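User: Hi! I am new to reading protein structures. Could you walk me through this one with a few questions and answers?

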Amino acid sequence: MMQPRVVAMEEGKELISANKTNLFRALPSRLLVFCLLFLGVGVGLSIISMYSVRFSMVQQLATKATSAVQPLFQDDGTTIDNFIRPPSNLMHNMNDTELLWRASFVPQIKDYPFKRVPKIAFMFLTKGPLPLAPLWDRFFKGHEELYSIYVHALPSYTAGYPPSSPFYGRQIPSQMVEWGRMSMCEAERRLLANALLDISNEWFILLSESCIPLHNFSIIYRYISRSRHSFMGSFDEPGPYGRGRYNPHMQPEVTLSQWRKGSQWFEVNRKLAIDIIVDTTYYPKFKKFCRPACYVDEHYFPTMLTIQSPHLLANRTLTWTDWSRGGAHPATFGKADITEGFFKKIFEGQVCLYNGQPSTVCYLFARKFAPSALDPLLGLASKVFRY
């Protein structure tokens with residue numbers, strides 16, 4: 001009786017043992033499948049994460065690269081402000097051809113769809129520093145909404161004006177300039193073109209580092225803004241320093257009877273400024289046939305504008321200069337010359353036409369003043385110039 005039971009128990013043990021053996025055999029294969037599945041999911045997530053990080057880094061680099069480039073105009077095309085805002089940085093990368101093209105854009109609708117406050121662009125053609133800048137600082141103070149400043153200096157010169165100065169950051173990309181050569185007029189066109197990029201600039205005055213304002217800002221702004229004419233000297237001089245500089249090869253664009261001479265230092269309105277920078281008719285003639293002893297800065301603009309728009313010119317300059325000592329350059333005045341009596345002689349005896357009527361205010365600026373004249377000029381500014 002016991003033997004069958006023992007046999008049965010032994011058979012049961014064998015069955016259990018067999019089941020355990022089969023179970024242990026099944027578990028490793030399932031575990032392997034699970035591990036492989038987990039590994040696959042992990043690899044997939046790693047790949048996705050790697051590409052996400054790489055895409056994020058590319059986006060960040062692209063954003064940094066984009067922000068590193070400083071465009072001339074911040075323009076997203078969404079509001080009118082983006083089209084009328086002045087350039088954020090005067091030191092652009094345009095060459096002269098690109099600059100003149102960009103500055104030649106002219107709205108065809110005369111009425112502005114925004115409140116435009118007309119400004120005067122003061123354009124300084126210099127070799128380097130502006131030694132009389134403290135006097136100009138006093139002149140400009142309190143009138144920030146009515147003027148813009150542009151400085152064309154030698155390419156190697158880096159200005160060091162403090163952020164509080166109106167001349168801070170106002171230097172434009174420049175090129176070398178030779179006295180009496182077309183490079184002088186090219187620099188003047190460069191100044192005009194940069195100033196034209198600000199649509200609020202309506203009047204443009206060319207000055208040098210030796211110029212000073214003879215009146216306060218309010219008087220000068222009123223005088224220029226109310227004038228029906230631009231102030232550029234343009235006259236027919238029959239002697240060797242006038243007609244004697246004419247070259248017959250300039251025909252047919254410029255004839256002898258059209259040849260004019262005038263001061264380099266001018267004031268023009270926006271319409272004439274655009275006419276100057278877009279000119280391709282007279283520029284090549286003057287560049288080729290007006291060379292020393294023909295001084296192109298005294299003839300190019302006066303002749304061209306007299307041919308094109310004589311009715312818009314006052315035929316006189318606003319800058320007083322003393323040529324009484326003779327020679328190729330005007331007199332320069334230093335510290336010892338600066339007295340009330342000196343300026344009294346400049347102001348008295350002036351008679352000219354202003355809007356067709358006689359006027360005793362004919363000059364708004366004067367030159368040439370040496371750096372040594374600065375201190376006495378500052379001392380007289382409030383009493384003599386009213387600023």
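Analyst: Happy to help; below we look at a sheet, a pocket and some backbone details of this predicted model.

User: Which strands are the edge strands of the open sheet?

Analyst: Four strands make up this open sheet, in the order S2-S1-S3-S5, and their pairing is mixed. An edge strand pairs on one side only, and that picks out strand S2 (147-152) and strand S5 (267-269).

User: In what sense do S1 and S3 pair, parallel or antiparallel?

Analyst: Strands of a sheet pair through backbone hydrogen bonds, and both senses are possible. Here strand S1 (residues 119-125) is linked to strand S3 (residues 201-208) over seven bridges. For instance, Leu125 has Ser208 in S3 as its bridge partner. The sense of the S1 and S3 pairing is parallel.

User: Which helix packs on the sheet, touching S1, S2, S3 and S5?

Analyst: Look for a helix whose direction makes about 150 degrees with that of S1. You will find it at residues 182-196, and its name is H5.

User: Which element gives the largest share of the lining of the second largest pocket?

Analyst: This pocket holds about 420 Å³ of space. It is lined by 22 residues, and among those closest to its centre are Phe83, Ile84 and Arg102. Two elements give two or more residues to the lining, helix H2 (81-84) and helix H3 (96-103). The largest share is three residues, and it comes from H2.

User: How many residues of that pocket's lining are nonpolar?

Analyst: Sorting the lining of the second largest pocket by residue type gives one polar residue and six charged ones. The nonpolar residues in this lining number 15.

User: Which residue does a cis peptide bond join to Gln251?

Analyst: The omega angle of this bond is about 5 degrees. The partner of Gln251 sits in the loop between helix H6 (217-225) and S5. That partner is Pro252.

User: Is Asn355 buried or exposed?

Analyst: Asn355 lies in the loop between strand S7 (352-354) and strand S8 (357-359). Its phi is near 55 degrees, a positive value in a residue other than glycine. The relative accessible area of Asn355 is 16%, and the cut-off for this class is under 20%, so Asn355 counts as buried.

User: And how does Asn315 count in terms of accessibility?

Analyst: Asn315 also has a positive phi, of about 60 degrees, although it is not a glycine. Its place is the loop between H9 and strand S6 (319-320). With a relative accessibility of 43%, Asn315 counts as partly exposed.

Terms used. Residues numbered from 1 in each chain as written. Predicted model: local features only at pLDDT ≥ 70, side-chain atom pairs only at ≥ 80, totals over all residues. Heavy atoms only, no water. 1 Å grid on protein atoms, 1.4 Å probe; cavity = no way out; pocket = protein on both sides within 12 Å on 5 of 7 lines; lining within 4 Å. Points joined across faces, edges and corners; volume = space filled by probe spheres on them. Nonpolar A, V, L, I, M, F, W, Y, C, P; charged D, E, K, R; others polar. Pairing = 2+ DSSP bridges. Contact = heavy atoms within 4.5 Å. Axes fitted to C-alpha atoms, helices over the stretch in contact; angles between N-to-C directions. Buried < 20%, exposed > 50% of the residue type's maximum accessible area, 1.4 Å probe, protein only.
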